[in-house]
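Here's a short walk through a predicted model. Have the structure open and follow along as we go from the surface to the helix packing.

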Amino acid sequence: MGLGGCIILIAVGAILTFATDWDMQGVNLDLVGIILMIVGLIGVTTFSSIARRRRVVVPPASTTVVEEERHHHRGGYGDGYGV
């Protein structure tokens, strides 16, 4: 059951508990609604903890800069002055 299913359980439980006044013989709809909300909350917490464990932090790939030394030897000066 995913996160959407857990949220639906919470919503159906809240509707049964707070928004209905039906009376069924042998079934307490308020209690059924509370049980559904609790199961939905447990599902949300377990889903979020599992999703948090799956999330792996990967450090960004660092690019290695390699500087090539280029030697231009013109005349008598090697450092570029007097060219």
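## A greasy spot on the surface

Let's start on the outside of this predicted model. Leu-3, Ile-7 and Phe-47 come together as a nonpolar surface patch, and their combined accessible area is about 250 Å². Leu-3 sits in helix α1. Its relative accessibility is 35%, so Leu-3 counts as partly exposed, given that the partly exposed class runs between under 20% for buried and over 50% for exposed.

## The chain as a whole

Zooming out, the protein chain has 2 helices and 0 strands. Of its 83 residues, 13% are buried. The accessible surface adds up to about 7,500 Å², and carbon and sulfur atoms account for 62% of that.

What about contacts across the sequence? Take the contacts between residues at least 6 apart in sequence: 50% of them link residues at least 24 apart.

## Helix α1 and its two faces

Helix α1 covers residues 3–19, which is 17 residues. From first C-alpha to last it reaches 23 Å, close to the 24 Å you'd expect at 1.5 Å a residue.

Which residues of α1 are buried? They are Cys-6, Leu-9, Gly-13, Leu-16 and Thr-17. These residues span an arc of only 95° around the axis, so they end up on the same side of α1. As a rule, an α-helix has 3.6 residues a turn, so residues three or four places apart point the same way. Now flip the helix over: the face turned away from the buried side carries Ile-8, Phe-18 and Ala-19, which are exposed.

## Where helix α2 comes in

Helix α2 takes in residues 29–54, and Gly-33 is part of it. Is Gly-33 buried or exposed? With 0% relative accessibility, Gly-33 counts as buried. Setting aside neighbours within four places in sequence, Gly-33 is in contact with Gly-13, Leu-16 and Thr-17, and those three are among the buried residues of α1. The C-alpha of Gly-33 is 8.9 Å from that of Leu-9, a residue 24 places away along the chain.

Met-37 is in helix α2 too. Its relative accessible area is 17%, so Met-37 is buried, the cut-off being under 20%. Which residues does Met-37 contact, leaving aside its neighbours within four places in sequence? The list is Leu-9, Ile-10, Gly-13, Ala-14, Thr-17 and Phe-18. Among these, Leu-9, Gly-13 and Thr-17 belong to the buried set of α1, while Phe-18 is one of the exposed residues on the face turned away. For Met-37 and Gly-13, 24 residues apart along the chain, the C-alpha atoms are separated by 5.0 Å.

Conventions:
Residues are numbered from 1 along each chain as its sequence is written. This is a predicted model: local features need pLDDT of at least 70, side-chain atom pairs count only at pLDDT 80 or more; totals for chains, interfaces and linings use all residues. Side-chain values use heavy atoms; hydrogens and water are left out. Helices (H or I, at least four residues) and strands (E, at least two) are DSSP runs, numbered from the N terminus. The expected span of a helix is 1.5 Å times one less than its number of residues. Buried means under 20% relative accessible area, exposed over 50%, partly exposed in between (1.4 Å probe, protein chains only). The arc is that of the directions from the helix axis to the C-beta atoms. Patches are made of residues with over 30% relative accessible area and no salt bridge: like charges are joined within 9 Å, nonpolar side chains (Val, Leu, Ile, Met, Phe, Trp, Tyr) within 5 Å. Accessible areas come from the Shrake-Rupley method with a 1.4 Å probe; for residues, only the protein chains shown count as cover. A salt bridge is a side-chain nitrogen of Lys or Arg within 4 Å of a carboxyl oxygen of Asp or Glu. Contact means heavy atoms within 4.5 Å.
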